[in-house]
Amino acid sequence: MQVVRFSNPQSGQPEVGVRDGNAVTALPGVTIADLLARGADGFAAAVTDPSGPSHPADQLAYLPPVDGRTEVWAAGVTYQRSRQARVEESGQADVYELVYEADRPELFFKAPAWRVVGPDQPVRVRADSGNDVPEPELALVLDHAGTVVGYTAGNDLTSRGIEGQNPLYLPQAKIWRGSCALGPGIVPVAALPDAGDLGIHLTIRRDGAEVFAGDASTRQLHRGLDELAGWLYRELDFPQGSVLLTGTCVVPDLSFTLRPGDTIDVTVDGVGTLSNRVA
């Protein structure tokens with residue numbers, strides 16, 4: 001079961017619904033932000049028994065599962081492999097060793113809801129970078145109080161060419177048009193009780209051929225999921241909730257870069273596959 005955003009087949013307007021099997025049952029007049037503002041209990045109650053119109057799931061165009069004033073944030077250097085990759089890119093080992101070992105995690109703003117790309121929508125690479133990669137991640141969906149209410153798959157696209165020049169260039173290395181993708185929907189926590197043991201898979205295809213594939217598991221996280229959420233909410237308010245990308249452990253070799261026309265598939269076991277083409 002997933003909570004999804006989709007384009008209404010008749011009006012073309014965004015709607016929210018619950019996908020269960022081959023059908024999506026709408027939650028009329030509700031946004032994802034509304035649900036997150038209700039808190040964990042309100043979110044669970046709303047999505048447990050939807051009563052709106054039903055649509056065939058395979059005939060809908062899906063939108064990113066985030067809207068309103070909900071923000072997307074991300075955590076960095078939360079896996080050993082991510083620490084190694086950052087050191088390789090920049091040659092500044094001390095900075096990333098400190099972040100990995102410190103009590104305080106690296107947290108950074110990624111996108112407002114309106115900048116997020118959904119399933120089967122195009123992502124982009126930076127024209128001024130020369131080295132851009134996807135980062136497949138488990139994303140936590142948090143209510144207004146910082147409680148995890150669900151999970152989705154995320155692609156935190158990164159410009160290694162810019163971040164490698166200087167760690168202070170991180171915002172430009174992480175934030176640009178088409179740099180954040182989420183989807184295909186939100187799996188409620190009740191349907192996925194053990195998010196600490198999920199496989200994460202990345203496949204990149206170019207001209208019909210696989211050019212990269214990698215796998216990881218959330219077991220390899222250096223930090224707890226609740227720990228990351230707690231740091232994000234420590235001195236910030238999110239009245240309509242947030243989404244927190246938890247970091248990556250699947251990193252292509254430094255010689256690899258995305259190209260326009262590539263197709264990226266991010267799969268999180270129990271959550272689904274997020275597929276995007278590079279524009």
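A pocket here is an open set of points, on a 1 Å grid over the protein atoms alone, with protein on both sides within 12 Å along at least five of seven lines, and its lining residues are those with an atom within 4 Å of a point. Its volume is the space filled by probe spheres set on the points, which are joined across faces, edges and corners.

The model is predicted, so local features need pLDDT of at least 70 and side-chain atom pairs count only at pLDDT 80 or more, while totals for chains, interfaces and linings use all residues. Residues are numbered from 1 along each chain as its sequence is written, and side-chain values use heavy atoms, with hydrogens and water left out.

Start with the two domains. The assignment, which is automatic or taken from a database, splits the protein chain into domain 1 (2-63) and domain 2 (71-278). Their C-alpha centres sit 25 Å apart. Where the two meet, 14 residues of domain 1 touch 20 residues of domain 2, a contact being heavy atoms within 4.5 Å. Together they bury about 1200 Å², with 64% of that on carbon and sulfur atoms; buried area is the accessible area (1.4 Å probe) that two parts lose on being put together, summed over both. On the domain 1 side, Gln 2, Leu 36 and Phe 43 lose the most area to domain 2, together 43% of what that side buries.

Now for the largest pocket, which has a volume of about 160 Å³. Both domains chip in, with at least three lining residues each from domain 1 and domain 2. Helices (H or I, at least four residues) and strands (E, at least two) are DSSP runs, numbered from the N terminus. On that basis, α2 (39-48) and β10 (148-156) each supply at least two residues of the lining, and α2 gives the most, with five. Among the lining residues are Met 1, Phe 43, Thr 48, Val 148 and Pro 188. By type, the lining has 11 nonpolar residues, one polar and no charged (Ala, Val, Leu, Ile, Met, Phe, Trp, Tyr, Cys and Pro count as nonpolar, Asp, Glu, Lys and Arg as charged, and the others, Gly among them, as polar).

As for salt bridges (a side-chain nitrogen of Lys or Arg within 4 Å of a carboxyl oxygen of Asp or Glu), the structure holds nine, but the count between domain 1 and domain 2 is zero. One salt bridge joins the side chains of Lys 110 and Asp 156, at 2.6 Å from N to O. Lys 110 lies in strand β7 (residues 106-112) and Asp 156 in strand β10, so this pair ties together parts 46 residues apart in sequence.

Key. 1 Å grid on protein atoms, 1.4 Å probe; cavity = no way out; pocket = protein on both sides within 12 Å on 5 of 7 lines; lining within 4 Å.
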